[in-house]
Amino acid sequence: MVDNQHNYYKTAPDKGRQNGPVWAYSGSLDTYLTNLQNGVVLRGGFSGSNDTKQTSFRSSDRKRQQSSDFWLLSLGHLGNQPYAGGDDYQFFRNVVDDFGADNSGETDTTEALNAASSSWSKDSVGGSRTRCGEKCGNTFSQGAIVFFPGGTYKICTPVIQYYYTQFVGDPNDMPIIKGCDKFQGIALFDVDPYIPGGSGRQWYINQNQFFRQIRNFRFNLNDMPESTAENNQDLVPTGIHWQVAQATSLQNLVFNMPTTSTTTAVGIFTENGSGGFVSDLEFNGGNIGWRAGSQQYTARNLVFNQCNTAVQMIWDWGWVWQQITVNGGSIAFNISGVGGDSGQGIGSVSIIDSTINDVTIGVLTNSLSNSPNIVLDNTNFKTSPIRLWLRIVASPSCKRYNGADGSTQTGAVTAPGKGEGLDDSNGLLYVRSRPQYEKHSVSSFLVATTDGGCKNDATGDQASCINTFLRRALDSGQIAYFPAGVYTVGSTVNIPTNSVVQGSLWSQILGSGFYFSDIKSPKVMVQVGNKGDIGTMEITEMLFSVRGATAGAILMEWNVAAVSQGAAAMWDSHFRVGGALGTNLDLSKCPKFSNNAECIAASLMFRVTSQANGYFENVWAWVSDHDNDKSIYNQPDSSSTQISIFGARGMLIESEGPSGAKSVYMGHIQTESPYFHPNPGPPAPFRAATGFPNDPDFSNCEVVAEVWDDRCNYAWGLQIVDSKDVMIHSAGLYSFFNEYYQDCIPTHNCQDRILEVKGSTGVVIYNLFTVATVNIASACGCRFLGLKISTLSAIQPHWSMEGS
């Protein structure tokens, strides 16, 4: 059993000795880097030998061991981290050329890979500076791309991915990460090390594991021992220990594991977190494809071939499994488990547009009072040649609402239809994976810095430069590439329709200055196309933020309507307001309990206008609740970095309607009410601000004597107003605080209401769950107007679930 809370059963894997990188041959990072500068690398792990040998390395005359010319290898080094804390900080790291990794597969190259991930730079010898590890805990200022050329990388202890890092393999020559036959540790790649003897403590807080990525790798677990136990800690061979939060992703990964009857191998181990998104993964063999546990998650286009168990879930509140294919094995989805100090198991799952072939048990659940809510939507169970069961120990039951009338229903229900244009030609929900442009040469890219002359060092006003650059890229038919860094703008950036925009480690466009300061006259920071435009748009891996005070900032206005299905899209791009160095919206200026005018920072984060539409995948909009560039290491109060930043609105979708929306599908969505509510209560501090269509009205909230009795003056998590054909698969709407205190959590009543549906038809919500909210759904006149809510449940803290 895996604990997901409080280490109740004392089973956390913290009984080993490893605490981060193991320097088995060099003894330390500094020694490894010193040797590297002297042209020497100590290597071990030779086949049939336990010897450590000194080998030569000269980066200047070493030929790159790869056959690909993937554009990132040439352009990645142009990136910058202006707030890292020194000009000598290395952003782009080639594990072979810069750090001496052996990609022949002949020796253990763990040290080189850990040096690439952890060091300040390849030249940082004799200094005490490293990247953000255990004693740092979190950062938005020290990001890095660690690039793996093609080849085979043999490793014998875990490679640690430090905070705010991307591991990127060459998609044209996918590197192989091969576990050695003496491997010890939790996983080949570990993103959150357990602290030895720490009673479950880890380097990073799992719900705060923002901005990570691993893509384009093959993991080979076939030579690893069936036990990878380390010291007194029992462990099994695992590809990735992946415990993350928002703005994270796994993409284009293959896990090759033994197919023996005794295999213990696991592809991915996720025991906690607040994710997240993964896509395009393949699991071959092994005991378990993915051991999965997190508050919420979306997983799309996963293939499991001959895994004993494809998915073994530990716990969740909500999880969307979309376009999953399971071929062979014993169990496709095991969602029967419980754990932790309150018996939390799996709250809900949606399995959508999926196919399960030749397994003994399709879905295994339990008969407990808090058994999972299960939605099977267009999921095909094929039985040949093995008889397949859909084994539900207790018949599935749920609350289903049609309007205000609700009843408990068991078994199959008639599935509501979807909005026009949401399905593809095969009748599946339309999806489109994030592009990597791997077949494009370097000449296909126009570079904002070297070609456009724009600065990515957070200085000046780059708006005019960027606008000229974007127009030039469009006119020349090139991809507009923004090297990593911060591009400060003092007026609107216009991305012309038909553009292709590519960032790097979430290249940041940061609005600042007087132009965005007027709360009564909001201005757009990034305008995507012009109103009425029909065409294409591709935006990938960008970050949109502000430097306060910017009370009138609309971070993005999306005006493009796709010329064909999915032609206007944005992937892995995010909106962040405050909580970082360089934003002036941090702990020093906006501490919690404050109500400072300079901390009024955004009128609206993301708007899709009425004639526009788009495909948006893995997009996070966050008004910061804490300063993520302040460490809480060894701080007795983990809330000491909380801040009060004010943003009026998150996302406003008006697609195909003058005020509401039409034909909208949302996979897993999640919201959190502001931690400072109800003081000030909404719409403060925006009472004098310009309104937007269907802004909520809080005038009916009663005046109460004490703030802890006020449950009305809270932000709505979700409003669906005057809209048609809106479908949501899994929605988590959370209220964790009352003016930064959590006394309302045990009583489940931080706020009265969090979801409103009015004036709308064809609204379907599967697996709705809330935290500490009295009424989880509200509608005009206490009636649901054409609303259907299936498997409606309120999941409260401490991992329990209550029907409502």
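These are my notebook entries on the fold, the cores and some backbone details of a predicted model.

**Overall fold.** I began with the secondary structure and found four helices and 56 strands. I then looked up the radius of gyration: the protein has 26 Å, which agrees with the value near 28 Å that a compact globule of 804 residues would have. The C-alpha trace spans about 75 × 65 × 55 Å along its principal axes. Of the contacts with a separation of 6 or more, 73% join residues 24 or more positions apart.

**Surface and charge.** I noted an accessible surface of about 28,400 Å², with 46% of it belonging to carbon and sulfur atoms. Buried residues account for 61% of the 804 residues. I also checked the charges: the mean positions of the 53 positive and 71 negative ones lie 2 Å apart.

**Nonpolar cores.** I looked for the largest nonpolar core and found one of 73 residues, in which Ile-539, Phe-544, Met-556 and Trp-558 have the most contacts. A second, separate core has 69 residues, among them Leu-33, Leu-113, Met-257 and Trp-321.

**Helix H3.** I turned next to H3, residues 110–118, and recorded nine of its nine residues as buried. Leu-113 is one of these buried residues, and it also belongs to the second core. The buried residues of H3 include Glu-111 and Asn-114 as well.

**Leu-733.** I located Leu-733 in strand S49, residues 724–734. Its relative accessible area is 0%, so I entered it as buried. Beyond residues up to four places away in sequence, Leu-733 touches Thr-671, Leu-718, Ile-754, Leu-755, Leu-768, Phe-769, Thr-770 and Val-771. I looked up one of these partners, Thr-770, more closely: it is 37 residues from Leu-733 along the chain, yet their C-alpha atoms are separated by 4.8 Å.

**Backbone exceptions.** I searched the backbone against a general expectation: most residues other than glycine have a negative phi, and most peptide bonds are trans. I found a cis bond joining His-677 and Pro-678, with omega about 15 degrees. The bond from Ala-684 to Pro-685 is also cis, with omega near 0 degrees. Pro-678 lies in the loop between strands S47 (669–672) and S48 (718–721), and Pro-685 is in the loop between S47 and S48 as well.

I then noted positive phi values at two non-glycine residues, about 55 degrees for Tyr-437 and about 60 degrees for His-748. Tyr-437 sits in the loop between S27 (405–410) and S28 (445–447), and at 9% relative accessibility it counts as buried. His-748 occupies the loop between S49 and S50 (751–753); its relative accessible area is 22%, so I recorded it as partly exposed.

Notes. Residues are numbered from 1 along each chain as its sequence is written. This is a predicted model: local features need pLDDT of at least 70, side-chain atom pairs count only at pLDDT 80 or more; totals for chains, interfaces and linings use all residues. Side-chain values use heavy atoms; hydrogens and water are left out. Helices (H or I, at least four residues) and strands (E, at least two) are DSSP runs, numbered from the N terminus. The radius of gyration is taken over C-alpha atoms; the globule rule is 2.2 Å times the number of residues to the power 0.38. Buried means under 20% relative accessible area, exposed over 50%, partly exposed in between (1.4 Å probe, protein chains only). Contact means heavy atoms within 4.5 Å. Accessible areas come from the Shrake-Rupley method with a 1.4 Å probe; for residues, only the protein chains shown count as cover. Lys and Arg count as positive and Asp and Glu as negative; His and the chain ends are not counted. The place of a charge is taken as NZ of Lys, CZ of Arg, CG of Asp or CD of Glu. A nonpolar core is a set of buried Ala, Val, Leu, Ile, Met, Phe, Trp, Tyr and Cys residues joined through side-chain atoms within 4.5 Å.
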